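User: Please take a close look at one part of this structure for me. I would like to know how the two chains touch.

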Amino acid sequence: MSLKILTVDDSKTIRMVIAKAFQPYDCVIVEGTNGVEGLAAASREKPDLIILDITMPLMDGVETLTKLKGDPSLKNIPVIMLTAESGRENVLKIAKLGVRDYIVKPFQDEALLEKAGRIVQLKARAQEKKAKTIDDAVSILVVEDKPAIVQQITDGLKNLPWQVTGKETIADATAAVNQAAPDIILVSLSLPNDEGFNLFQQLRSGAVSRGIPVFGMCIKTDSDRFARAEKLGFTAVVTKPLDLEVLKTRLIRALDLDVSSKYFSLDGDIQILALPDKVTDNVAATVERYLKPRLEAMVDSGKNKFILDLTHLVGVDAGFVKALVSILQRCKDLAIKVQVVAPPPVKDQMKTFRETFELPTVPGMDEARKALEAKAA
Amino acid sequence: MTTDGLQVKVRDFVTRSVSKVFETMLKMKLEVLDSSGGLSLEGDRVVGAVGFAGLATGVVYLQVTDPFGQILTNTLFGRKIATVSAPEEVNDVVGELSNMIGGNLKSYLSDYGLPCALSIPFITRGQSFAIQTKDGAWCERFAFRYQEHLALVQLCMKTN
């Protein structure tokens, strides 16, 4: 899994220079603008290396380092100190602080990387992996001592090519993770003896497991566990009774899955957007997220035909109308020719809204294609 | 008051230090100019300043034009030269370069036996910038060129 490097410096310039230096390597850069933010980030992220400036507002590097060394969970994280002062006295002072190394500004990337490379193993960044889509297999590990919850999750996600595996104890869960790291883990926070939280800490300190998103699950009224999980840095906390649609949406977001194929497709040189039976806030947000890049890709490739397919739509409400207006405006802004397909019941409902009262539509996809061809001619 | 011997050494150090900062961070080789000819910057400029106080007290200023500040910012951040960077980013870059020049000077003075503490950098923007000193402070001006751009450094200091 990727190395995690925390940079703590009040200068955005330095933070960007450091991020740029590590760009060719497989690492994640986390940033803090002062000692207070740096300590919070260190607690949350448990980085492999901290690069810490000395002179900062709010809490300087020396105080930050002292607090890091005073925290049992953070004291062993190696620190490289950054300083603009190269004098003998300053260097001696830094050496006494117990840092692994120091670097004086100005510095070249190579010097920083050499010093970092002596402390952590820098690996070249692999080629960018293609983003997983909603149609790809995903493995979910559910750590829950109540089989009914595991079954509920399995049943709720059965329409997707996702593999749900349930483990009742953290020992079994740890073994499962070591054998084959899942894509995402759901942990019950009501496991006895705080085992759910202990498992999270274990996962975060593992080289392989630290990058896996971890959701906590707790009873809706258990605000203490909810708050504790959020503070510890769980990727998300979901409440029981579980809302499977909400869970699905949050899992998709955590895994950063490309769900555009649910709504977008290409038919020759025509981009088709087929809205589902109801345009919920989630649907509207998903469409909005993918529409702009799709339209821009169309323009870049010289295409300008777009069909908005409302065949599956059941109810026309304010949410749908708002989304429709936004879609049409975006197409208009890029001079894309749009044809709206609306069966008669949908068309009748659209007449009850001012924004869509006079919107021209056709009843089917064939008519839509012919209309676009006619516009292009 | 600052002795002649110290002035010569500091003058030489600042010239080398500014060149080193630009070369190390920006891979820009500066041409050191004769600043006695009254070189000045035209138009909007960004000025970064860092103070130091102790047995040596003073301020070191780095002045560049806004367009040169943009170039410095884009170079440091790995952006295309024509990119328009936000003023805050340019401020931060000029401030950080001043910080490095000031920090190195502070270290030099401390090793010389004149310990002092450094301030955080501060930025001024405008079209007309002049420094006036009093109480026998020594001021020195340094001029550098990179391609068609000028960078002016001004140091005012005294020893206590």
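Analyst: Here is the contact between the chains, followed by a short look inside one of them. The model is predicted, and local features need pLDDT of at least 70, side-chain atom pairs count only at pLDDT 80 or more, while totals for chains, interfaces and linings use all residues. Residues are numbered from 1 along each chain as its sequence is written, and chains are lettered from A and ligands numbered from 1 in the order in which they are written.

Start with the contact. Chain B gives 21 residues and chain A gives 19 residues. Two residues are in contact if their C-beta atoms, placed from the backbone, lie within 7 Å. On the side of chain B that touches chain A, the elements giving two or more residues are helix 1 (4-26) and helix 3 (87-112) of chain B. Helices are DSSP runs of H or I, at least four residues, and strands are runs of E, at least two, numbered from the N terminus. Helix 3 of chain B supplies the largest share of this side, 12 residues. By type, this side of chain B holds 8 nonpolar, 7 polar and 6 charged residues. Here Ala, Val, Leu, Ile, Met, Phe, Trp, Tyr, Cys and Pro count as nonpolar, Asp, Glu, Lys and Arg as charged, and the others, Gly among them, as polar.

Now chain A itself. Chain A has 14 helices and 14 strands. Of its 377 residues, 33% count as buried (20 or more other C-beta atoms within 10 Å of the residue's own, with C-beta atoms placed from the backbone). Among contacts in chain A with a separation of 6 or more, 64% join residues 24 or more positions apart.

Technical notes: Buried ≥ 20, exposed ≤ 12 C-beta atoms within 10 Å, placed from the backbone.
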